[in-house]
Amino acid sequence: MNDPDAIAYRQRVVIDSCANPELLQELYAIATEAAGARRWMVGHDRGARGKLYLSLEPLTKLIGFLRLLRSTYEPYSSHFTSEGFARLGERLTGTFGEEYLAEVEHHLHILQFEHGYEITAELGSDGRITNPVLHQPLKHPPGRQSLFGSRERHVVKVSDTDESAKKFIWRLAGNSLDRVADVVAHATDAIVDFFQALRTELAFLVGCVHLSRRLQGDGYAVCFPHALAQGSGASFTFRSLRDPALCLSTTPTVVGNSIDGRGKLLTVIMGANSGGKSTFLRSLGTAQIMMQAGMFVVAEAYEADIRDGIFTHFRIQDDSSMTYGRLEEELVRMHDLTNRINPASMVLWNEPFASTSEREATEILAPITQALLDSGVKVLVVTHLYDFASALSQHRRATDLFLRAQRLSDGSRTFRLEPGAPATSSHAIDIYERTFGPDSDSGSNRM
């Protein structure tokens with residue numbers, strides 16, 4: 001979503017959902033079952049009533065589901081404070097109130113045609129039946145009295161062996177009943193559409209509730225971010241931001257990052273290998289998506305401007321078909337990316353053009369980056385290209401932010417990022433020594 005008010009509206013609905021998880025689950029279960037009620041039932045009546053009965057049965061079930069949904073929600077309506085749930089309550093009591101449901105059930109009952117059908121028609125100039133009209137269902141079984149006042153009726157009895165006559169009558173009645181069945185089916189579709197939309201929205205909310213419970217149960221803070229309107233200036237600031245996917249998949253506590261990037265359009269991230277740079281990039285991209293979905297983010301505080309699109313460029317598996325070399329494959333993907341983004345987008349690059357030399361990579365990446373920045377695109381890049389980062393830092397633009405993965409004096413990583421100028425070393429020797437030991441036979445030619 002690109003409207004701050006719409007995002008705040010959704011956030012309040014999510015807050016309501018997290019405060020009433022059991023009721024939310026009940027509503028979701030009802031909507032899920034009701035959304036599948038449009039399946040045609042195969043009946044034994046293959047005559048004129050067949051299609052109509054197949055239309056009446058799912059609609060009858062749906063009316064029951066509407067009544068169940070309303071009776072489940074109404075006793076707890078005061079527990080919800082968001083506009084979204086208030087609108088759901090208004091629709092259940094207004095559009096689908098008891099008076100409406102009772103009237104629909106009344107129509108469904110009389111459409112059973114317990115006492116047969118009354119169909120009038122005209123005789124065309126060619127002797128064929130034309131303009132058949134199905135009348136209100138008979139309230140009583142037809143007797144010997146005339147149905148048309150004092151006028152006499154001509155009664156024709158069809159023999160059980162007269163298949164041609166029976167087919168004609170079935171076709172006449174079937175054509176008339178088909179029109180009614182179409183109306184009933186249309187009404188059924190409208191209610192099913194309501195339940196399907198409700199199920200989709202409730203499924204999103206149920207997912208939010210489960211995710212929030214899991215994260216907070218594991219000791220991670222979540223907050224509802226402040227979304228800044230587009231055009232308010234590139235900005236992001238957060239406290240203890242974490243990657244939710246990593247929080248869900250690892251046992252050790254994930255370290256959070258706190259960065260003030262207000263007014264920053266370009267963020268360059270360098271520093272120690274295995275220092276948390278790529279994880280930070282994922283955490284920021286995920287937080288942007290979750291914020292613009294109206295969700296919470298995994299942080300103690302979060303604020304960012306809204307972006308029209310979020311695009312990533314991470315290394316992928318080598319092309320086993322050998323259609324492209326690694327550099328050409330990256331150029332193809334980068335070309336596709338730059339053709340799709342617009343000035344209100346955000347791009348996340350992780351080690352772009354690491355497949356070639358530093359000089360060549362810098363010559364490719366620098367003009368692409370500058371063109372995006374000139375267009376107003378927010379760029380965040382993790383890189384080991386010192387020449388690229390150093391050239392950018394020399395401009396000393398107020399909209400640039402340079403971060404480094406923290407490394408302690410003993411070579412250990414804290415997985416925190418801090419502001420800092422680009423460094424020439426990524427300290428790969430730390431990983432080597434941690435793997436093989438400081439006394440390994442690397443001699444004086446260590447990397």
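Which residues point one way from strand 9, and which the other way? The first view has the answer, and a few ground rules come before it. This is a predicted model, where local features need pLDDT of at least 70 and side-chain atom pairs count only at pLDDT 80 or more, while totals for chains, interfaces and linings use all residues. Residues are numbered from 1 along each chain as its sequence is written, and side-chain values use heavy atoms, with hydrogens and water left out.

**View 1. Strand 9 and its two faces.** Met346, Leu348 and Asn350 point one way from strand 9, and Val347 and Trp349 point the other way. Strands here are DSSP runs of E with at least two residues, helices are runs of H or I with at least four, and both are numbered from the N terminus. Strand 9 (residues 346-350) has 5 of its 5 residues buried, so it is largely enclosed by the rest of the structure. Buried means under 20% relative accessible area, exposed means over 50%, and partly exposed is in between (1.4 Å probe, protein chains only).

**View 2. The neighbours of strand 9.** Two strands count as paired if DSSP finds at least two bridges between them. Strand 8 (residues 310-313) runs parallel to strand 9, joined by 4 bridges, and Phe311 has Val347 as its bridge partner. Strand 10 (residues 378-382) is also parallel to strand 9, with 5 bridges; here Met346 partners Lys378. Add helix 10 (residues 358-375), and strands 9 and 10 become part of a right-handed β-α-β unit. Right-handed means that, with the strands pointing away from the viewer, the path from the first strand over the helix to the second runs clockwise.

**View 3. The largest nonpolar core.** A nonpolar core is a set of buried Ala, Val, Leu, Ile, Met, Phe, Trp, Tyr and Cys residues joined through side-chain atoms within 4.5 Å. This one has 78 residues, and Phe194, Phe195 and Tyr302 touch the most other members. Helix 6 (residues 163-217) chips in the most, with 16 residues. Leaving aside residues up to four places away in sequence, Phe195 touches Ala31, Ala34, Ala35, Leu62, Phe65, Leu66 and Leu69 (contact means heavy atoms within 4.5 Å). Another core, of 25 residues, lies apart from the largest one and includes Ala234 and Leu392.

**View 4. Two residues with positive phi.** Most residues other than glycine have a negative phi. Ser240, in strand 4 (residues 236-241), has a positive phi of about 55°. Ser240 is buried, at 14% relative accessible area. Phe415 sits in strand 12 (residues 413-419), and its phi is positive too, near 60°. Phe415 is partly exposed, at 41% relative accessibility.
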